[in-house]
Amino acid sequence: MPRVNLTHMTTWITAAAVQRPDDLAALVMERAGCSRACAHKALRRLGQMQWLVRGGSRSRPVYTPGPLRQVVKRYPLHGLSEDLPWSRDFAPYFALPSAVRRMLQHAFQELLNNAIDHSGGAAVTVSVRQTPTQAQLLVSDDGCGLFDRLRSAFAIDDPMHAMLELSKGKLTSQPTRHMGRGLFFTSQLADVFDLHANGTAFQRRGWEGQHWRCGRPLAAQGTSVYLAMSLDTRRTLESVLDLWSGDGSGVAFDRTSVSLRLMATDGVALDSRAQARRVAARLEQFKRAEVDFDGIDEIGHGFADELFRVFAHDHPGVQLVPLNMQPRVAALISAFQRA
């Protein structure tokens, strides 16, 4: 008789406990090909691990999902609509605070739509997990990979440069169908956000503001995005949308932030006008752009002049706001702003 794989069971036991609460052992026997005794042993173990809560009587047990919940599904991308998987296969099986549920649905559908419209792949795997403290989402497709897509659409060869553009928002390879908001706002909703594609990985942590850092990439084809949000977060979808809207209405997306850490790699100082033009690229699409100098000890005269005098003069409708500057950097920027 085969042994029951408890790890595999956790990918479907939550939905099974909702769908067949009073004959769950029979379903385990059917799916695992095991005896009734083995099925009951597996269910007891999952209860101890907090995946299930047992009720009912000793002879007629009834199961409900526990504090740990998970649903994992794989879909062919052809003909897939991003709304049905959420409403049919995921939403009924999780007990989330309303604000978290709303944010998770938004992130789920945006990331799934990205896989459908942009990946060029054949299939996507989606996993949602709930723990006592977090809601977690993983969306992985088998397509060309996000950074290869950006390379072909915008001739951006350097993943760091591509991530710099993504972090601003409003970047899309299909401007007639998308506005480049999905990935940006999804990253803003999360406490933990990890992006993996083409042998490259970037991370954002909500408690660190708008900072992005390199991560350890997954050895997998396509694009994988993982996010987690705390169940007790004070963040809401509306508050995030409002934050990046100049009038606070959450309608317009006319504010952005640029973290210069994405450009200041080891041995490369922010010295040139070309680097400044890279920072300034597409900022004319916004009314306010915060330029975050956290972690930047010094910049060159050409960089400061190009960004804070030349660009500012050519685009008076854009408010450039430097943040987190070292005293020497602040003095240099101030001099060029007055020039």
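Two residues are in contact when they have heavy atoms within 4.5 Å of each other. With that in hand, here's the overall picture of this predicted model: among the contacts in the protein with a separation of 6 or more, 65% join residues 24 or more positions apart. The chain has 339 residues, and 48% of them are buried. Its secondary structure comes to 13 helices and twelve strands, and the C-alpha trace spans about 85 × 40 × 35 Å along its principal axes.

**The aromatic cluster**

Let's start with the rings. The structure holds ten aromatic pairs. One of them is F184 with F185, an edge-to-face pair with 5.2 Å centre to centre and 90° between the planes. Is F184 buried or exposed? F184 is buried, because its relative accessibility of 4% falls under the 20% cut-off. F185 also comes out at 4% relative accessibility, so F185 counts as buried.

That pair belongs to a wider group: F184, F185, W244, F253 and F286 form one aromatic cluster. Which rings of the cluster does K170 sit over? The charged end of K170 sits over the ring of F253, 5.6 Å from its centre, and K170 also lies over the face of F286, at 4.6 Å from the ring centre. If you're looking at the cation–ring geometry here, those are the two distances to pull up.

**Helices α7 and α8**

Next, a helix pair. Helix α7 covers residues 146–154 and helix α8 covers residues 159–168; their axes come within 10 Å and cross at roughly 85°. An angle from 65 to 115 degrees counts as roughly perpendicular, so that label applies to α7 and α8. On the α7 side the contact is made by L146, F147 and L150, which meet P159, A162, M163 and L166 of α8. By class, this contact has seven nonpolar residues, no polar ones and no charged ones.

The loop between α7 and α8 holds A155, and A155 is worth a look for its backbone: phi is near 55°, a positive value in a residue other than glycine.

**Two positive phi values**

R282 also has a positive phi without being a glycine, near 70°. R282 is found in the loop between α11 (273–280) and β11 (288–292). Here are the two residues side by side:

| Residue | Phi | Relative accessible area |
|---|---|---|
| A155 | near 55° | 62% |
| R282 | near 70° | 15% |

Why do they get the labels they do? A155 counts as exposed because its 62% is over the 50% cut-off. R282 counts as buried because its 15% is under 20%.

**Around P85**

Last stop is P85, which lies in helix α5 (residues 83–90). P85 has a relative accessibility of 1%, so P85 counts as buried. Which residues does P85 touch, leaving out those up to four places away in sequence? The list is Y75, L80, F90, F108 and L112. As for backbone spacing, P85 and K73 are twelve residues apart along the chain, and their C-alpha atoms are separated by 8.7 Å.

Definitions and conventions:
Residues numbered from 1 in each chain as written. Predicted model: local features only at pLDDT ≥ 70, side-chain atom pairs only at ≥ 80, totals over all residues. Heavy atoms only, no water. Helix = DSSP H or I, 4+ residues; strand = E, 2+ residues; numbered from the N terminus. Buried < 20%, exposed > 50% of the residue type's maximum accessible area, 1.4 Å probe, protein only. Axes fitted to C-alpha atoms, helices over the stretch in contact; angles between N-to-C directions. Parallel < 35°, antiparallel > 145°, perpendicular 65-115°, else oblique. Nonpolar A, V, L, I, M, F, W, Y, C, P; charged D, E, K, R; others polar. Phe/Tyr/Trp six-rings, centres within 6.5 Å; stacked < 30°, edge-to-face > 60°. Lys NZ or Arg CZ within 6 Å of the ring centre and 35° of its normal.
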